[in-house]
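Student: Could we take a close look at a single part of this protein? I'd like to go through the helix and what surrounds it, step by step.

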Amino acid sequence: MTDLGEPRARQSPTAVDADALLALADGYHARAVRPWDSRVVAGHLVKPYAIEAPGRA
């Protein structure tokens with residue numbers, strides 16, 4: 001169990017693999033987004049969207 005009275009030691013961020021990040025970015029492509037009708041579910045407003053990959057509907 002963590003003692004909330006003591007500050008936690010900060011961990012330094014890990015290094016980012018730039019080549020892996022660029023490979024991920026190369027795989028990105030724009031997608032069409034269409035809103036569907038809003039509805040209330042269990043008292044919450046839900047606004048669903050359809051996200052389509054290129055060449056698919």
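Tutor: Sure, and let's start with a word we'll need: a residue counts as buried when its relative accessible area is under 20%, and as exposed when it is over 50%. Keep in mind that this is a predicted model. By that cut-off, 7% of the 57 residues of the protein chain are buried. About 5,900 Å² of the chain is exposed, with carbon and sulfur atoms supplying 57% of that.

Now find the helix. The chain has one helix and four strands, and going from the N terminus the order is α-β-β-β-β. H1 is hardly covered: zero of its nine residues are buried.

Look at how H1 begins. Asp 17 caps its N-terminal end, with a side-chain oxygen 3.2 Å from the backbone nitrogen of Asp 19. Val 16 sits in the segment before H1, which spans 18-26. Val 16 counts as exposed because its relative accessible area is 61%, and the cut-off is over 50%. Val 16 also joins Leu 21 and Leu 24 in a nonpolar patch on the surface, and together they have about 330 Å² of accessible area.

For a contrast, move on to the strands. A search of the whole structure turns up one salt bridge. Arg 34 pairs with Glu 52 in a salt bridge, their closest N and O atoms 2.9 Å apart. That pair ties together distant parts of the chain, since Arg 34 belongs to strand E1 (residues 32-35) and Glu 52 to strand E4 (residues 49-52), 18 residues apart. Arg 34 itself is partly exposed, at 41% relative accessible area.

Methods. Residues are numbered from 1 along each chain as its sequence is written. This is a predicted model: local features need pLDDT of at least 70, side-chain atom pairs count only at pLDDT 80 or more; totals for chains, interfaces and linings use all residues. Side-chain values use heavy atoms; hydrogens and water are left out. Patches are made of residues with over 30% relative accessible area and no salt bridge: like charges are joined within 9 Å, nonpolar side chains (Val, Leu, Ile, Met, Phe, Trp, Tyr) within 5 Å. Accessible areas come from the Shrake-Rupley method with a 1.4 Å probe; for residues, only the protein chains shown count as cover. A salt bridge is a side-chain nitrogen of Lys or Arg within 4 Å of a carboxyl oxygen of Asp or Glu. Helices (H or I, at least four residues) and strands (E, at least two) are DSSP runs, numbered from the N terminus. Buried means under 20% relative accessible area, exposed over 50%, partly exposed in between (1.4 Å probe, protein chains only). A polar contact is a pair of N or O atoms within 3.5 Å; within protein, one must be able to donate a hydrogen and the other to accept it, and residues adjacent in sequence count only if both atoms are side-chain atoms.
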